[in-house]
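Thanks for making the time this morning; I would like to take you through one structure, beginning with a pocket and then turning to a pair of helices. Please have the sequence and the model in view as I speak.

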Amino acid sequence: MAALYLHGIARGILVAFIFKKTLFRGEAVPFVLELPNYRLPAVRNVLQLLWEKAKDFLHRAFTIILLATIIIWFLQTFDMHLNVVADSQDSILAVVAGLLVPIFKPLGIGDWRICTSLISGFMAKESVVSTMEILFAGEVASLLTPLAAATMLVFSLLYTPCVAAIASVRREMGGRWAVCVVVEQCVIAWLVAGVVRVIGLLFGMG
């Protein structure tokens with residue numbers, strides 16, 4: 001987990017450096033920010049701020065995860081004619097997610113259930129795990145190899161953030177940049193996950 005965080009930080013710095021030398025060349029715009037005097041905060045204020053931030057996160061995360069779970073359940077339960085399916089492989093969800101399977105097959109995670117969890121992660125990254133638990137019936141740990149799990153973790157770390165983050169990019173920089181961010185991050189995530197898989201296969205982790 002520490003390696004994942006460090007890798008994410010290193011990748012962000014590297015991309016920022018590349019953009020500085022290519023898309024954002026030129027003199028930096030002067031920026032002046034007046035900071036208030038630093039004081040040691042009171043314990044009560046710190047605890048109150050932590051509680052407010054945690055409560056806000058739990059409220060937003062729970063709402064999005066609940067909505068995503070309901071949608072996934074519906075799509076997994078019915079087929080294209082809205083008939084209840086006996087096998088989830090015949091569901092609407094399997095048909096939609098199956099379109100992404102060829103893209104992720106070279107990474108060793110070409111399972112429609114994994115593709116579905118990545119789609120739900122576009123709404124909120126927190127819902128990736130809950131979606132996989134639903135689709136794998138709680139047996140995801142026993143059905144994924146260590147290499148596939150590592151590849152999945154790396155891709156999940158690097159691919160496009162949630163809709164709220166993309167909406168913020170669009171508001172600040174425009175729709176074209178928002179699309180570019182999504183494409184760039186997905187491509188980088190696929191390439192890095194592919195490198196992880198190749199290294200794993202070379203060391204006999206397959």
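The lining of the largest pocket draws at least two residues from each of four helices, namely α1 (2-21), α6, α7 (140-143) and α8 (146-158), and I should say at once that this is a predicted model. Among these contributors, α8 supplies the largest share of the lining, 5 residues. The pocket itself has a volume of about 510 Å³, and of the 16 residues that line it, those closest to its centre are V128, V129, M152, L153 and S156. As for the character of that lining, its residues divide into 13 nonpolar, 1 polar and 2 charged.

Let me stay with α6, which we have just met in the pocket lining, and ask how it packs against α5. Helix α5, residues 112-121, and helix α6, residues 127-135, pack at an angle of about 150°, and their axes lie 8 Å apart. Because angles over 145 degrees count as roughly antiparallel, α5 is described as roughly antiparallel to α6. The crossing of these two helices, α5 and α6, is right-handed.

Which residues make this contact? On the α5 side they are W112, R113, I114, T116, S117, S120 and G121, and they meet S127, V128, T131, M132 and L135 in α6. Taken together, the residues of the contact of α5 with α6 divide into 5 nonpolar, 6 polar and 1 charged.

One residue links the two parts of this talk: V128 is among the residues closest to the centre of the largest pocket, and V128 is also one of the α6 residues that α5 meets.

Terms used. Residues are numbered from 1 along each chain as its sequence is written. This is a predicted model: local features need pLDDT of at least 70, side-chain atom pairs count only at pLDDT 80 or more; totals for chains, interfaces and linings use all residues. Side-chain values use heavy atoms; hydrogens and water are left out. Axes are lines fitted to C-alpha atoms, for helices over the stretch in contact, and angles run from 0 to 180 degrees between N-to-C directions. Angles under 35 degrees count as roughly parallel, over 145 as roughly antiparallel, 65 to 115 as roughly perpendicular and the rest as oblique. A crossing is left-handed if the near helix is turned anticlockwise from the far one by less than a right angle, and right-handed if clockwise. Contact means heavy atoms within 4.5 Å. Ala, Val, Leu, Ile, Met, Phe, Trp, Tyr, Cys and Pro count as nonpolar, Asp, Glu, Lys and Arg as charged, and the others, Gly among them, as polar. On a 1 Å grid over the protein atoms alone, a cavity is a set of points where a 1.4 Å probe fits but cannot get out, and a pocket is an open set with protein on both sides within 12 Å along at least five of seven lines; lining residues have an atom within 4 Å of a point. Grid points are joined across faces, edges and corners, and a volume is the space filled by probe spheres set on the points.
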